[in-house]
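Subject: Structure handover

Hello,

Here is the structure for you to look through. Please open it first, then read my notes below with the view in front of you.

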Amino acid sequence: FPGFPESCVAGRAFSDIDSNNRKRYFEIECVSTYDENNVKVSDLIAFRDVTMLQTLLDISDLTVSTSTPRELLDKAVDIIGETLGYKTIAALLYEGGLLELVSSRGYSTMLRSLLAKQKVSPKEKGLAGRSAYHNKVIIKEIKEGTVSDKLLKESKRLGITAVITLPLVDR
C-alpha cells in the first residue's frame with residue numbers, strides 16, 4: 001500500500017486491485033507492543049476488509065453529486081462492477097409504466113435489446129419485471145427450459161450462468 005508507514009490513521013481506508021482486477025478497500029489498525037521498560041518492540045498490524053462499506057458510501061455520495069436517476073444508476077453500476085467483480089451488471093429504471101434498461105456493463109448489443117424494456121407484471125418474461133412486481137429478490141440459474149433459446153445462447157456466449165434481480169423501490 002502506498003504511504004504504508006503513515007497508514008495507521010484511524011478510519012483511513014486504502015485501496016488496491018486484486019488478482020481478479022477488482023478494487024478492494026481496507027482499513028488498517030496498528031497496535032504497538034512494548035517491553036517491560038516501555039520500549040516499543042513491535043507493531044501488530046491488522047487489515048480489515050471494508051470494500052462493501054466503501055462501495056455503499058461511494059454510491060450514497062452519488063445522490064448529491066448526480067443530477068438524474070439515470071446518471072446515478074450509470075455511475076453506481078460502474079462502482080459495483082469495479083468493486084464486487086460482476087462481469088455483467090445492469091440497472092433498469094421505472095419510467096412511463098415500464099422498466100427501461102438505463103445502464104449495463106458486459107452486455108452485448110443483443111442482450112441489451114432483449115432486456116431493454118420490461119413490464120412490471122407477475123407474468124413478465126423478464127425477471128426484473130417480475131421482481132419489481134413482487135418486490136422480491138429473484139435468483140435464477142440460466143439453463144435450458146428457463147429462458148428463450150436466443151437468450152440462452154447469448155448468455156452462454158457471455159459466460160452468464162445465473163441472474164440476480166434486486167428491486168430498489170423508492171417509497
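Start at Y34: its bridge partner in β3 is K40. This is a predicted model, so keep that in mind throughout. The Y34–K40 bridge belongs to a longer pairing. Strand β2 covers residues 23–34, and it pairs with β3 over nine bridges. The two strands run in the antiparallel sense.

Now look at the other side of β2. Here β1 pairs with β2, again in the antiparallel sense, over five bridges. One of the contacts to find is I17, whose bridge partner in β2 is K23. β1 and β2 form a hairpin, with five residues between them. In that turn, N21 has a positive phi of about 65°.

Put these pairings together and you have a sheet. It is open, has three strands, and follows the order β1-β2-β3. Which strands stand at the edges? They are β1 (13–17) and β3 (40–49). Each has a single partner strand, so one side of each is left without a neighbour in the sheet. From one strand to the next, the twist averages 40°.

A general point helps here. Strands of a sheet pair through backbone hydrogen bonds, and the pairing is either parallel or antiparallel.

A helix covers this sheet. Helix α1, residues 51–65, lies across β1, β2 and β3. It runs at about 125° to β2.

The second sheet

There is another open sheet of three strands, with the order β4-β5-β6. Its pairing is antiparallel. The edge strands are β4 (89–95) and β6 (117–119). Each of them has a single partner strand, so one side of each lacks a neighbour in the sheet. The twist here averages 35° from one strand to the next.

Zoom in on β5, residues 98–105. Three bridges join β5 to β6, and the two run antiparallel. L99 stands opposite Q118 in β6. Helix α4, residues 127–134, packs on this sheet and touches β4, β5 and β6. The direction of α4 makes about 40° with that of β6. Helix α2, residues 69–84, lies across β4 and β5. It runs at about 160° to β4.

Two helices together

Next, compare α1 and α2. Two packed helices are described by the angle between their axes and the distance between the axes. The axes of α1 and α2 come within 10 Å and cross at roughly 165°. Angles over 145 degrees count as roughly antiparallel. α1 and α2 are therefore roughly antiparallel to each other. The crossing is right-handed.

Which residues meet there? On the α1 side they include M52, I59 and L62. On the α2 side they include L72, I79 and L84.

Salt bridges

How many salt bridges does the count come to? It comes to eleven. Three are worth finding on screen.

- R48 forms a salt bridge with E27, and the closest N and O atoms are 2.5 Å apart. R48 sits in strand β3 and E27 in strand β2, so look for distant parts of the chain, 21 residues apart.
- E100 and R70 meet through their side chains, at 3.2 Å from N to O. E100 lies in strand β5 and R70 in helix α2, so the pair ties together parts that are 30 residues apart in sequence. E100 is partly exposed, with a relative accessible area of 21%. R70 is partly exposed too, at 32%.
- E141 and K143 also meet in a salt bridge, at 4.0 Å from N to O. E141 is partly exposed, with a relative accessible area of 49%. K143 counts as partly exposed as well, at 42% relative accessibility.

There is also a network. Salt bridges that share partners join R70, E95, E100 and K117.

One last helix

Finish with α5, residues 149–158. Which of its residues are buried? They are L151, L152, E154 and S155. What covers them includes α3 (109–115). Just after α5, G159 takes a positive phi of about 80°.

Best wishes

Notes:
Residues numbered from 1 in each chain as written. Predicted model: local features only at pLDDT ≥ 70, side-chain atom pairs only at ≥ 80, totals over all residues. Heavy atoms only, no water. Pairing = 2+ DSSP bridges. Helix = DSSP H or I, 4+ residues; strand = E, 2+ residues; numbered from the N terminus. Axes fitted to C-alpha atoms, helices over the stretch in contact; angles between N-to-C directions. Contact = heavy atoms within 4.5 Å. Buried < 20%, exposed > 50% of the residue type's maximum accessible area, 1.4 Å probe, protein only. Parallel < 35°, antiparallel > 145°, perpendicular 65-115°, else oblique. Left-handed = near helix turned anticlockwise from the far one by under 90°.
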